[in-house]
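The following exercises ask the reader to work through one protein model, step by step. Please attempt each task with the sequence and the structure in view before reading its solution.

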Amino acid sequence: MTDALLARSWNEVRQEFEADGLPYKTAETRSPRKFFAVDEMTSYVIRVRESGGIGVFTLTNAPARSASVASG
């Protein structure tokens, strides 16, 4: 279960779990450094584990994309 969910958009993973009626919990983590810009509206899964039959997901903000990268 875990490897297939890593590094994916949280919105995609959440929709799958909700569609299947599976319980889940989330925790969020952030880098203490502000060196790279992040997209605060988009989270992705960086850790997955199971606790008592519940999927536990650790999320972080996605890196921000520059306009030049996004258009190319």
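Five exercises follow, each with a worked solution.

The model is predicted, so local features are given where pLDDT is at least 70 and side-chain atom pairs count only at pLDDT 80 or more, while totals for chains, interfaces and linings use all residues. Residues are numbered from 1 along each chain as its sequence is written, and side-chain values use heavy atoms, with hydrogens and water left out.

**Exercise 1. Confidence**

Task: State the average pLDDT of the protein and identify the elements with the lowest and the highest mean pLDDT.

Solution. Step 1: pLDDT is the predictor's confidence in each residue, from 0 to 100. Step 2: the protein averages 89, and 90% of the residues score at least 70. Step 3: elements are DSSP runs numbered from the N terminus, helices being H or I with at least four residues and strands E with at least two. Among these elements, helix α3 (residues 67–71) has the lowest mean, 59, and β1 has the highest, 97.

**Exercise 2. The sheet**

Task: Determine the strand order, and explain which strands stand at the edges.

Solution. Step 1: two strands pair if DSSP finds at least two bridges between them. Step 2: β1 and β3 (residues 54–63) are parallel and share five bridges, with Glu28 partnered by Leu59 of β3. Step 3: β2 and β3 are antiparallel, over ten bridges, and here Tyr44 has Thr60 of β3 as its bridge partner. Step 4: the three strands therefore form an open sheet of mixed pairing in the order β1-β3-β2. Step 5: β1 (24–28) and β2 (38–51) each have a single partner strand, so one side of each lacks a neighbour in the sheet, and these two strands stand at the edges. Step 6: direction ignored, neighbouring strands of this sheet are turned by 30° against each other on average; the axes behind this value are lines fitted to C-alpha atoms, and angles run from 0 to 180 degrees between N-to-C directions.

**Exercise 3. The two sides of helix α2**

Task: Locate the buried and the exposed residues of α2, and say what the buried ones pack against.

Solution. Step 1: buried means under 20% relative accessible area, exposed over 50%, and partly exposed in between (1.4 Å probe, protein chains only). Step 2: in α2 (residues 10–19), Trp10, Val13 and Phe17 are buried. Step 3: these residues cover an arc of only 70° around the axis, which places them on the same side of α2; the arc is that of the directions from the helix axis to the C-beta atoms. An α-helix has 3.6 residues a turn, so residues three or four places apart point the same way. Step 4: Gln15 and Ala19, on the other side of α2, are exposed. Step 5: with contact meaning heavy atoms within 4.5 Å, the buried residues of α2 pack against α1 (2–5), β1, β2 and β3. Step 6: at the N-terminal end, Ser9 caps α2 through a side-chain oxygen 3.3 Å from the backbone nitrogen of Asn11.

**Exercise 4. Positive phi angles**

Task: Which residue has a positive phi although it is not a glycine?

Solution. Step 1: most residues other than glycine have a negative phi. Step 2: Gly21, just after α2, takes a positive phi of about 70°, and Gly52, in the hairpin of β2 and β3 with two residues between the strands, takes one near 60°. Step 3: Ala7 is not a glycine, yet has a positive phi of about 60°. Ala7 is found in the loop between α1 and α2 and counts as exposed at 63% relative accessibility.

**Exercise 5. The surroundings of Asn61**

Task: Is Asn61 buried or exposed, and which side chain makes a polar contact with that of Asn61?

Solution. Step 1: Asn61 belongs to strand β3 and, at 7% relative accessibility, counts as buried. Step 2: a polar contact is a pair of N or O atoms within 3.5 Å; within protein, one must be able to donate a hydrogen and the other to accept it, and residues adjacent in sequence count only if both atoms are side-chain atoms. The side chain of Asn61 makes such a contact with the side chain of Arg30 (3.1 Å). Step 3: a polar atom of the Asn61 side chain also lies 3.5 Å from the backbone oxygen of Glu40. Step 4: residues up to four places away in sequence aside, Asn61 touches several residues, including Glu28, Val38 and Ser43. Step 5: Ser43, in strand β2, is buried at a relative accessible area of 18%, and its contacts beyond four places in sequence include Ser9 and Trp10.
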